[in-house]
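This report walks through one protein model for a reader who has not met it before. Please keep the sequence and the structure in view while reading.

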Amino acid sequence: MNILMLLKPKSTVKYIFDTNTLRQGIEKMRAHGYTAIPVIDEDGKYIGTVSEGDFLYYLLDLRNNKLNEKEKHIVRDIIRRDFNPAVRIDVSMDEVLRRAESQNFVPVVDDWGTFIGIVTRQDIIKYFIDKN
């Protein structure tokens with residue numbers, strides 16, 4: 001099976017840009033009820049994923065809870081490069097399953113690193129249940 005069968009395309013996925021302010025990122029996550037969200041750059045390349053915890057720890061380190069402070073910092077400042085790495089479109093289902101054990105979603109990129117969508121843990125579980 002190819003993961004294209006499970007892919008939620010970029011056009012249906014919420015994401016933020018690495019140049020968004022912390023406030024914009026937090027507001028988008030909150031509006032959609034997400035605990036983590038993909039981050040891309042202006043060229044559409046996958047940069048990483050940020051979580052609620054990433055925002056929280058960064059804001060705690062700032063030691064300033066003023067709303068306008070959140071507009072001075074950008075999402076790129078809080079990216080953890082090793083968190084939720086993307087897979088290429090030709091990845092095996094076994095690898096996707098391994099990634100889904102520790103991630104709510106698996107970001108998918110093309111051969112050039114362009115973000116093309118996600119595969120959710122829920123869809124992976126459903127696939128394996130239906131398969132049996």
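## A parallel edge: β5 and β6

R88 stands opposite V109, a residue of strand β6. This model is predicted, and in it the strands β5 and β6 run parallel and are joined by 2 bridges. Strand β6 itself covers residues 105-109, while β5 covers residues 87-88 and follows a loop that comes after helix α2, residues 52-62.

In that loop between α2 and β5 lies N84, whose phi is near 55°, a positive value in a residue other than glycine. N84 is also buried, with a relative accessible area of 5%.

## The sheet that holds β5 and β6

Strands β5 and β6 belong to an open sheet of 4 strands, which follow one another in the order β1-β7-β6-β5 and whose pairing is mixed. The edges of this sheet are taken by β1 and β5, each of which has a single partner strand, so one side of each is left without a neighbour in the sheet.

At the β1 edge, strand β1, residues 8-9, is joined to β7 by 2 bridges, and these two strands run antiparallel. Within this pairing K8 is set opposite I118 of β7. Between β6 and β7 the pairing is likewise in the antiparallel sense, here over 5 bridges, and F105 stands opposite T120. These two strands form a hairpin with 5 residues between them, and in its turn G113 has a positive phi of about 85°.

## Strand β7 and T120

Strand β7 runs over residues 115-120 and includes T120. The strand is mostly covered, since 5 of its 6 residues are buried. T120 is itself buried, with a relative accessible area of 14%, which falls under the 20% limit used for that word.

Which residues touch T120, once its neighbours within four places in sequence are left aside? The contacts of T120 are then with K8, N104 and F105. A further residue to look for is V106, which is 14 residues from T120 in sequence, while the C-alpha atoms of the two are 6.3 Å apart in space.

## The enclosed strand β3 and its partners

Strand β3, residues 36-40, is another place to examine, and 5 of its 5 residues are buried, so the strand is largely enclosed by the rest of the structure. A36, P38 and I40 point one way from β3, whereas I37 and V39 point the other way, and all of them are buried.

β3 pairs with strand β2, residues 16-17, through 2 bridges, and the two strands run parallel. In this pairing I16 is found opposite V39. β3 also pairs with strand β4, residues 46-51, in the antiparallel sense and over 5 bridges. There I40 has Y46 of β4 as its bridge partner. The hairpin of β3 and β4 has 5 residues between the strands, and G44 in this hairpin takes a positive phi near 90°.

## The protein as a whole

With these parts in mind, the full chain can be described. The secondary structure comes to 4 helices and 7 strands, and from the N terminus on, the elements run in the order β-β-α-β-β-α-β-α-β-β-α. The radius of gyration is 16 Å, close to the 14 Å that the globule rule gives for 132 residues, so the protein is as compact as a globular protein of that length. The C-alpha trace spans about 50 × 30 × 25 Å along its principal axes.

Of the 132 residues, 42% count as buried. Among the contacts between residues at least 6 apart in sequence, 55% join residues that are at least 24 apart. The accessible surface comes to about 7,900 Å², and 50% of this belongs to carbon and sulfur atoms. As for charge, the protein has 20 positive and 20 negative charges, and the mean positions of these two groups are 4 Å apart.

Terms used
Residues are numbered from 1 along each chain as its sequence is written. This is a predicted model: local features need pLDDT of at least 70, side-chain atom pairs count only at pLDDT 80 or more; totals for chains, interfaces and linings use all residues. Side-chain values use heavy atoms; hydrogens and water are left out. The radius of gyration is taken over C-alpha atoms; the globule rule is 2.2 Å times the number of residues to the power 0.38. Buried means under 20% relative accessible area, exposed over 50%, partly exposed in between (1.4 Å probe, protein chains only). Contact means heavy atoms within 4.5 Å. Accessible areas come from the Shrake-Rupley method with a 1.4 Å probe; for residues, only the protein chains shown count as cover. Lys and Arg count as positive and Asp and Glu as negative; His and the chain ends are not counted. The place of a charge is taken as NZ of Lys, CZ of Arg, CG of Asp or CD of Glu. Two strands pair if DSSP finds at least two bridges between them.
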